[in-house]
Amino acid sequence: MTAVETAGNEQQPVDGPGPRAMRRSSILRAAHVRDSTATSPAPKLPLGREPASGSPDWAHRCPVREARLAPARGQLRTLHAVGMPRPRTIEGWPMPFAGKDTADPCATEVRLEVLCSRSRWCQVCGLPVPPGTGFALRRPGHQYISASGPVVPWVEGRSLLHLACLRFSMRYCPEIIRQLRQGAAHVVKEPGEDDYTVVDGAMLDTRGYEDFVVPVWQLEAARDAGQDSETVTDRLDQAAAINNKATAVIFPRLPSDGGSHAAFQ
């Protein structure tokens with residue numbers, strides 16, 4: 001087990017990509033501007049924990065299948081290679097195109113993130129994303145305030161992903177797996193071919209994008225606190241329908257058991 005230095009210069013143990021993803025998430029939460037109009041109850045689940053199968057929270061999520069990768073030190077290749085398959089970290093995790101640390105699949109390089117955003121390149125594989133086909137991952141409750149005035153939702157990685165690369169991220173990225181299992185991830189889809197806008201030449205503007213995977217942990221927290229339970233339940237049912245449709249698109253070969261969380265077309 002090794003140790004890393006936190007923002008407060010404290011030494012904390014790190015053992016694998018999971019703890020690194022949690023540390024990165026806590027730093028981002030502290031650093032980003034939060035939406036003052038949004039309610040922000042604390043996440044109900046510990047980081048990385050999955051809700052019990054069959055629980056009320058299970059049906060609202062887009063299922064994730066974490067890959068089981070064996071360490072493959074000999075497979076480490078040029079970090080910023082373009083395309084698939086991705087180079088591996090020293091622990092066997094795939095590296096995104098915008099990655100910058102061979103020991104941490106969640107660490108990215110801002111310069112490359114911005115370049116991907118400006119050039120309409122996929123942040124995972126580095127290849128161009130055809131117009132009207134892109135997806136983006138947003139961090140709910142966080143905003144990017146531009147120098148020119150617009151305030152836009154904070155985009156993880158600042159740029160788009162192909163559908164295949166979104167699927168890849170949902171299977172292999174510790175940070176995305178954590179967010180999806182908590183119900184905190186917000187995946188949006190590009191609405192058309194003429195809607196690509198980059199703010200300050202650095203951050204993708206997704207204000208007009210369509211919901212694809214809806215975050216539900218705030219709704220679940222409100223439901224459990226007894227706040228306007230009928231309305232919250234309706235919104236959770238709507239989120240479950242949206243997220244099940246996303247599951248059918250992203251993971252079309254997942255078996256359906258006919259239950260409330262089954263994927264449908």
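The exercises below work through strand pairing, a covered helix, a cavity and the cysteines of this structure.

The model is predicted, so that local features need pLDDT of at least 70 and side-chain atom pairs count only at pLDDT 80 or more, while totals for chains, interfaces and linings use all residues. Residues are numbered from 1 along each chain as its sequence is written, and side-chain values use heavy atoms, with hydrogens and water left out.

**Exercise 1.** Identify the strands that pair with E6, and the residues that stand opposite lysine 189.

*Solution.* Strands are DSSP runs of E with at least two residues, helices are runs of H or I with at least four, and both are numbered from the N terminus; two strands pair if DSSP finds at least two bridges between them. Strand E6 (residues 186-189) is joined to strand E4 (residues 135-145) by 3 bridges, and the two run antiparallel. E6 also pairs with strand E9 (residues 210-213), again in the antiparallel sense, over 3 bridges. Lysine 189 is the bridge partner of phenylalanine 135, and lysine 189 also stands opposite glutamate 210 in E9.

**Exercise 2.** Determine how many residues of helix H4 are buried, and describe the residue just after H4.

*Solution.* Buried means under 20% relative accessible area, exposed over 50%, and partly exposed in between (1.4 Å probe, protein chains only). In H4 (residues 174-182), 9 of its 9 residues are buried, including Glu175, Arg178 and Arg181. Just after H4, glycine 183 takes a positive phi of about 75 degrees.

**Exercise 3.** Describe the largest cavity by its volume and its lining.

*Solution.* A cavity is a set of points, on a 1 Å grid over the protein atoms alone, where a 1.4 Å probe fits but cannot get out, and lining residues have an atom within 4 Å of a point. The volume, about 340 Å³ for the largest cavity, is the space filled by probe spheres set on the points, which are joined across faces, edges and corners. Of the 23 lining residues, the closest to the centre are Pro96, Pro105, Gln123, Ser169 and Cys173. H4 gives the largest share of this lining, 4 residues.

**Exercise 4.** Establish how many disulfides the structure holds, and examine cysteine 106 and cysteine 165.

*Solution.* With a disulfide taken as a pair of cysteine sulfur atoms within 2.5 Å, the structure holds 0 disulfides. For cysteine 106, the nearest cysteine sulfur, that of cysteine 173, is 4.4 Å away. For cysteine 165, the nearest cysteine sulfur belongs to cysteine 122 and is 3.6 Å away. Cysteine 106 counts as buried at 3% relative accessibility, and cysteine 165 counts as buried at 4%.

Methods
1 Å grid on protein atoms, 1.4 Å probe; cavity = no way out; pocket = protein on both sides within 12 Å on 5 of 7 lines; lining within 4 Å. Nonpolar A, V, L, I, M, F, W, Y, C, P; charged D, E, K, R; others polar.
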